[in-house]
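User: I am a first-year student, and I would like a close look at how one part of this structure is packed against its surroundings. Please take it step by step.

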Amino acid sequence: MTLDGLLFQALNGLAQASSLFMVAAGLSLVFGVTRIVNLAHGSFFMLGLYLAWTVATTVGGALGFWGALLVAPLIVAGLGVVIEVAILRRLYRAPELFQLLSTFAVLLVLNDAALYLWGPEDLLGPRAAGLEGAVTLLGRRFPTYDLFLIAIGPAVLLALHVLVSRSRFGRLIRAATEDREMVGALGVNQALLFTAVFALAAGLAGLGGALQLPRQPATLTLDLDIIADAFVVTVVGGMGSIPGAFLAAILIAEIKALCIGIGQISVFGLDLNLSKFTLVAEFVVMAVVLVIRPYGLLGRAPPPVRSSAPPEAPLRVQGWRFRGAALVLILVLALLPLAAADRPYSLVIATDILIAVLFAASLHFIMGPAGLDSFGHAAYFGLGAYGAALAVTKLGLPMGPAFVVAPLAAAAGAALFGWFCVRLSGVYLAMLTLAFAQIVWSILHQWEAVTGGSNGIFGVWPPAPFDSRGGLYLLALAVTVAGVFAIRTITYAPFGYAMRAGRDSPLRSEAIGIGVLRVHWLAFVIAGALAGLAGALFAFSKGSVSPEIASIAKSVDGLAMVLLGGVHSLGGPIVGATVFTWLSDTVSRATDYWRALLGGIILLIVLVMPGGIMGTVTRAVRTLRRRAA
């Protein structure tokens, strides 16, 4: 590719960076002030584009187009006020992970609201009035509207800089970013400040979406697509840093644009298609940046946050009543094939629930006792599933050895990724796990010769006696019970106490000789192996695997299961996975708007049961015991 061609692609990258920066800047503002990792922020971008399309096509002409760029962000900002006041304000004293779950529920509701209002078809907006043409740059035709986008990004950055550095509102934002408790102690109305910041962030995301009106169609998948990119930009730039978000947006957009421009290259006789690298480019950049600079390009170590949550109670060894109840439950589950002989679908959903339980329990193993939040646990589920599938279809191994290959493949991936991840904490740790998961997803998606690409691998069926629904269910029950029992045994062993010690007080743990990083790394490997075992069960239960099982959506499902059930006991992921899987299956068959219904149920549970289902049950039991004593 010529130098002129590279410069032309660089201009395309600058145009793409503007909208990405606005979404990331809003996300960074919300996190800096409220400490909320807002998964619903991508929905504001999506709604901004849909609303701009409605205004532009209804009014028409130049007034419709340019009016849409003003009206759509204002409506989205108003929606942000409603969501902050009605939902998030009630959760500021809840653990941060429950705030994350609530924004995931809002994302589901907003997605189905868009489906109801605008339908499933993609909607392409009109061309920019007055900027329809193109100019000649570097010997090529460059859209005039893209020049406008290149200019508006720095303009918004300058406006935000003036707002933050010159106004009282900006000083309050900076103060809340440093120490929000102290801001409250000084008499500042925190509720009003949080609402104003959330509205500003939502409006920025809405403006980012509206600006895409002539460039891309409004679709229902934009929310998850843009939120992944926005998180990456925010983390690469440094959480809470608006200039960092601008720098990261340009860096990532330029890398992707240049990869598309360069296309096919040959390195030492090996042909590489760099245009496919755009699927994972931002995540590779994020992984490299976080390994070298753990708090992003322009970020700083987050200030200590005074937790308002009560301290977690010490682990108690359960008595004979609990063990007896667990044994009875396992026996009842083992008899399910006899009771459900005339309802074969119940065995299918029961098998899915067991797989989800093992997957969620493995995630809880590092989230609960070790305190390692992971947004990319689906990577190990996918590695296990593909390990089993490849062992059967490529190596010709029987089912038994495939069940050995699966956890080993997942454990190998967890050992590699975990070595880098356990050195970080909080959001940066979570985002690095997401980056590695996306790299795994990209490899599964693009290495067609081995993984089958987007089609995946077929023909992974279990042999007799597991080739029936009942046989496969009993196999899943045995593997899941063994996996959960192993997690419980490790949690109550000295290794489990070392995990909790490293989570609660790393410095004291190091002082008494506990190698916190080593312990957490081993926990990461164990959790990855168990997730891989769940992936092997999935591969044999469905007969096929595809890259979607290692996607962001799968990781978010696992996170929702753990948070729904509660992170403070092993019963939490078991209950959460059961409720989430059953609800997902039930409501998806009951209505086309199952996401909204599921999101509403999750929101209700989060608002009514801020400790998760098991946390609420545990508190109720303790209250009854105190009253009875």
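Analyst: Contact here means that heavy atoms lie within 4.5 Å. With that in hand, and keeping in mind that this is a predicted model, we can begin with a single residue and then turn to the helices.

Ala-129 sits in the loop between α4 (96–118) and β1 (134–137). Is Ala-129 buried or exposed? Its relative accessibility is 16%, and because buried means under 20% relative accessible area, Ala-129 counts as buried. Which residues surround it, once its neighbours within four places in sequence are left aside? Ala-129 is in contact with Gly-61, Ala-62, Phe-65 and Trp-66. The first residue named there, Gly-61, is 68 residues away from Ala-129 in sequence, and yet their C-alpha atoms are 6.7 Å apart in space.

From this loop we can turn to a pair of helices, α15 (residues 399–421) and α21 (residues 516–542), which pack at an angle of about 145 degrees with their axes 7 Å apart. The crossing in which α15 passes α21 is right-handed. On the α15 side the contact is made by residues including Met-399, Phe-403, Pro-407, Trp-419 and Cys-421, while α21 contributes, among them, Trp-521, Phe-524, Leu-533 and Phe-540. Sorted by kind, the residues of this contact comprise 19 nonpolar, 3 polar and no charged.

Cys-421, which belongs to that contact, is buried, with a relative accessible area of 0%, and Cys-259 is likewise buried, at 8%. A disulfide is a covalent bond between the sulfur atoms of two cysteines. How many disulfides does a search of the whole structure find? The search finds 0.

Helix α10 (residues 281–292) gives a further view of packing, and its length can be checked as well: at 1.5 Å a residue its 12 residues should span 16 Å, and since its end C-alpha atoms are 17 Å apart, the two agree. Its buried residues, including Phe-283, Met-286, Val-289 and Leu-290, pack against α8 (222–237), α9 (242–262) and α16 (426–446).

One of those partners, α16, passes the corresponding check, because its 21 residues should span 30 Å at 1.5 Å a residue and its end C-alpha atoms are 31 Å apart, which agrees. Why can α16 be described as largely enclosed by the rest of the structure? The reason is that 17 of its 21 residues are buried.

Note on methods: Residues are numbered from 1 along each chain as its sequence is written. This is a predicted model: local features need pLDDT of at least 70, side-chain atom pairs count only at pLDDT 80 or more; totals for chains, interfaces and linings use all residues. Side-chain values use heavy atoms; hydrogens and water are left out. A disulfide is a pair of cysteine sulfur atoms within 2.5 Å. Buried means under 20% relative accessible area, exposed over 50%, partly exposed in between (1.4 Å probe, protein chains only). Helices (H or I, at least four residues) and strands (E, at least two) are DSSP runs, numbered from the N terminus. The expected span of a helix is 1.5 Å times one less than its number of residues. Axes are lines fitted to C-alpha atoms, for helices over the stretch in contact, and angles run from 0 to 180 degrees between N-to-C directions. A crossing is left-handed if the near helix is turned anticlockwise from the far one by less than a right angle, and right-handed if clockwise. Ala, Val, Leu, Ile, Met, Phe, Trp, Tyr, Cys and Pro count as nonpolar, Asp, Glu, Lys and Arg as charged, and the others, Gly among them, as polar.
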